[in-house]
Amino acid sequence: RQEKRRLDYKKPDFTITDIDLTFELDLTATIVTAVSRVKRLTEDRKIPLVLNGDSLKLLDVKLDGAECAFRETENTLELDSVPDEFTLTVKTCINPKDNSELMGLYVSDGKFCTQNEPEGFRRITFFTDHPDVLARYTTHIIAPDGAYPFMLSNGNLIKDEVKDGKRVVTWEDPFPKPSYLFALVAGDFDELHRDFVTCGGRHVDVYLYVDKGQASCGTVAIDSILRAMEWDEKRFGLEYDLNRFNVVAVDFFNAGAMENKSLNIFNSKYVLVDAESATDTDFENVLSVIGHEYFHNWTGDRVTCRDWFQLSLKEGLTVFRDQEFSSDLCCRPIERIKAVNIIKGPQFTEDAGPMAHPIRPDYVMEMNNFYSVTVYDKGAEVIRMIHTILGEELFQKGMKLYFKRHDGCAVTCEDFVSAMEDASGIDLKQFRNWYSQAGTPCVSGSLRYDAEKKQAVYTFNQSTPATPGQSVKQPFVIPLSMALYGSDGRKILLKRNGEPVSEVQILTEEHNVVVFDDVPERPVTALLQNFSAPVKVEYPYAQGELETLLKCADDPVTRYESMQNIINSYIVLNTVNAQRRLPFTHSELVVQSFRYILEESGLDNRFMAYILRIPPVNTLMGLFTAIDLDAIIASRKELVRVLSVELADIWEKLYQKLLAEFRQRLAEGRGYECTEEQIGSRDLIRVALNFHVRGLVLKGEEAKASAIVSGHYRISDNMTDTLIALNAATAHNLESRHEILKDFESRWRDNALVFDNYFRAVASAPYPDTLDNVRKLMEHECFDLTNPNRVRALLGTFSQLNPECFNDISGRGYEFLTEILIKLNGTNPHVAAAIMTPMLNLNRLDIKRKGMITDCFNRIMRIPGLSDSIFEKIDKAFK
Ligand code: HT7
Ligand code: ZN
């Protein structure tokens, strides 16, 4: 097996300027005829044309219409001594129905669809399947008349005719594109339509295709497309470029969605929502994923990646754009906190593990493994830092220059940074380290206050731990947003040499000194406001300082982070206590801070719910180099216990108050709405209910807790509240869980996406019988190991969101996942590789768990036909 290296990139020897594709659709034997116009790009005529192929049956090859010599290897079709320019016709046969990997052309619930990013097109026909080969596509789809009412591909509809009982539909895409953006869909759907008029006055027909009978669940999605189109014009000045934009929702999909040019294909999870069956989060995800895919039209499709090492060029930038979209349309601080939680949870974990890689990786074995939180979410943070350093105006100037230079091209991250640099005049040379170095930098700060000079003198040292293949790191450019507060909580204007200075201090060295003048007293320091860089911060807060920030900071993220800091310090302390078999230290400050937030802060419900979040075990693991899982779990449980018991009256009152408001809404006939206000009430009622119930259970009032939860389930008029009850029942192991699960099952067993919530609730319960329950559910008629959504809901939840059971010291969790990985390796290795992430922590776990995971990994490594996706991860974990 071989890794590919970023620095081995070579310009293509041939390009394909035009391709005419004909698909004679058949479930098990689709015939694909590809007629390509090929041009040699090198001087050297001895270089053969090499086309990629995977799982194809080759039927015929012709060069300029005539027989020709060719060589077929396991994964290529090669032709020697070809002319400088010619037409190549390749006929292949593929089996979409048996395509369980869901890459290339496959069948999802009777409908044909494609997924070609990153290397799926080579499973459709032999082709130069690299993103730097941009061709114009014409597609003819042929099927028996009436078989597939909708037959779609990229671009404009050119012809739709019936000949000899066969329907032939022709599409033409005028924009040259890489093969990974090619798409085809054929099947029967409900169709929704909207007309959008662009800022330039052009009419765009926007279509959404969903499963038959689901049209009413598609209105939010199609309206979100229009909102995205309008936003991109207003904020980025980017107008849609064709007269048609199609989105199709399918049930079998490896990821969230795909930005194929003018024919986006979506996992139906991110399209189908209605008031009855979707949660608040489902609604928010639809807006953000629809936005993300639409925004790719410019950042991904019009300007694409030169090679897959550059993936963050389009993904980091597009995540940044979708985050801004949701922030402009919904609630900015909440969106920011959601993004911060992803970075501080899964991304920091990835950066600390064997799969750590820079946002622009240098070595890749299986590209599918690099659609990672690092490339996407840390990539977005890197773009955000550029935005912070340049400011909105210069950033937009940089975007304009980027499009001016590179529209219609396949380019690199370097090209993007150069455009930003040239447009702004700001030197980003050292900033580029964010693209080349992996790992999470740690900034450790200290303050010396000089009362005589009225100066605050900060020292900031940055260091980044070694990551695989990168033992020594160069310093990063870290935009550190700071604010200083007086003991009265009032903000102190930042000044140097008598002049006001920006809150964003740019750290560039390993050791940095930052001085502020005219500081009347020793200040309370807010560091990393708005999480201005993806780093860890260490700062010796004096007593009372975090409370001051929690209460007075004007940046909501600082307030949130102050509470997280307060919580984390007790978690660390009590984890150490648990390890040493010492009694727990009372979490005094957390209790006081919670009390303040709940009783005095006056925060709105939604923000209050976020600020009262206790980080999950997975995130807490990131606080330690060596993970003592049992001690961390015990320490977190203790914190929940203390908060539940000591604030019991407050939780009960809060729950009753919010419940009364809920009842009032129902009494007034006001239905479910996905508004910030209603979402806030539900977010907070979830927190209140869980603490209230935990408190009751701890007091031995299990029956009362059970009754409250079933009451909540019964009163619910929406899926969010229903799941608040369902999850509370399973999370607290209440008697009512049986009745609630039974009712939920009978109501929702016919709706697979909703039923996934049942799988998630059972799989996340932290109790000894959970693994048996998960095993049983694999036999449930709604479970299907070939559907990635089902696998993620049941098995992904168990491995990723239930660290207590998954890492059970018996090793049963590891054994179970190993069985699953071995099964999935043969059907869908990409989904397998995605759910095995928690096992990659093995080197930081205790010796017993490490030994058990090692045994499982050894077993997997021995199976015949092990996929590169799984092999690459285990191999790295072993190094
Ligand atoms: N660009 C898309 C990536 C994607 C994908 C990757 C691997 C396997 C299946 C996939 N489906 C979609 C999604 C996006 O970032 O917009
Ligand atoms: Zn994307």
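This is a walk through a predicted model, from its domains to its ligand site and then to its sheets and loops.

Start with the overall division. The protein chain splits into domain 1 (1-188), domain 2 (189-302), domain 3 (313-538) and domain 4 (751-879). Take domain 2 and domain 3 as a pair. Their C-alpha centres are 31 Å apart. Contact between them involves 16 residues of domain 2 and 16 residues of domain 3. On the domain 2 side, helix 1 (219-236) and helix 2 (280-295) each contribute at least two residues to the touching surface. Helix 2 gives the most, with six residues. That side of domain 2 is mixed in class: six nonpolar, six polar and four charged residues.

Now look for the ligand. Ligand 1 is surrounded by 14 residues, and the closest are E117, N254, A255, M258 and Y371. Two elements give two or more residues to this shell: strand 20 (257-258) and helix 2. Helix 2 therefore appears twice in this account, since it also gives six residues to the side of domain 2 that touches domain 3. The shell has four nonpolar, six polar and four charged residues. Where does ligand 1 lie relative to domain 2 and domain 3? Domain 2 and domain 3 both give residues to the shell, so ligand 1 lies between them.

E117 deserves a second look. It is one of the closest residues to ligand 1. It is also joined to P118 by a cis peptide bond, with omega about -5°. P118 sits in the loop between strand 11 (111-115) and strand 12.

Follow the chain on into strand 12. Strand 12 (residues 135-144) pairs with strand 15 (residues 166-177) in the antiparallel sense, over nine bridges. Within that pairing, T139 of strand 12 stands opposite W171 in strand 15. Strand 15 has another antiparallel partner in strand 14 (residues 156-163), to which seven bridges join it. Here K163 faces K166 in strand 15. Strand 14 and strand 15 form a hairpin with two residues between the strands. One residue of this hairpin, D164, takes a positive phi near 50°.

Move next to the sheet that includes strand 20. Five strands form this open sheet, in the order 17-18-19-21-20, and their pairing is mixed. Strand 17 (190-197) and strand 20 are the edge strands, each pairing on one side only. Strand 20 is thus both an edge of this sheet and a contributor to the shell around ligand 1. Inside the order, strand 19 (residues 244-250) and strand 21 (residues 263-267) run parallel and are joined by five bridges. N246 stands opposite L263 in strand 21.

A smaller piece of sheet comes later in the chain. Three strands form an open sheet in the order 29-28-34, with antiparallel pairing. Strand 29 (491-492) and strand 34 (524-526) stand at its edges with a single partner strand each, so one side of each has no neighbour in the sheet. Strand 28 (residues 483-485) runs antiparallel to strand 29, and two bridges join them. L484 stands opposite I492 in strand 29. Helix 8 (residues 545-552) packs on this sheet and touches strand 28 and strand 34. The direction of helix 8 makes about 60° with that of strand 34. Just past strand 29 in number is another backbone feature. N497 has a positive phi of about 50° although it is not a glycine. N497 lies in the loop between strand 30 (495-496) and strand 31 (499-500).

Finally, compare the record with the model. UniProt, in an unreviewed entry, lists residues 221-433 as "domain: Peptidase M1 membrane alanine aminopeptidase". This span is 55% helix and 9% strand, with end C-alpha atoms 38 Å apart. For residues 439-539, the unreviewed entry gives "domain: Peptidase M1 alanyl aminopeptidase Ig-like fold". That stretch is 0% helix and 47% strand, and its end C-alpha atoms are 20 Å apart. For residues 545-878, the unreviewed UniProt entry gives "domain: Peptidase M1 alanyl aminopeptidase C-terminal". There the chain is 73% helix and 0% strand, with 43 Å between the end C-alpha atoms.

Terms used
Residues numbered from 1 in each chain as written. Chains lettered and ligands numbered in written order. Predicted model: local features only at pLDDT ≥ 70, side-chain atom pairs only at ≥ 80, totals over all residues. Domains from an automatic or database assignment. Contact = placed C-beta atoms within 7 Å. Helix = DSSP H or I, 4+ residues; strand = E, 2+ residues; numbered from the N terminus. Nonpolar A, V, L, I, M, F, W, Y, C, P; charged D, E, K, R; others polar. Near = placed C-beta within 6 Å. Pairing = 2+ DSSP bridges. Axes fitted to C-alpha atoms, helices over the stretch in contact; angles between N-to-C directions. UniProt positions renumbered as here; feature names shortened; annotations may be inferred.
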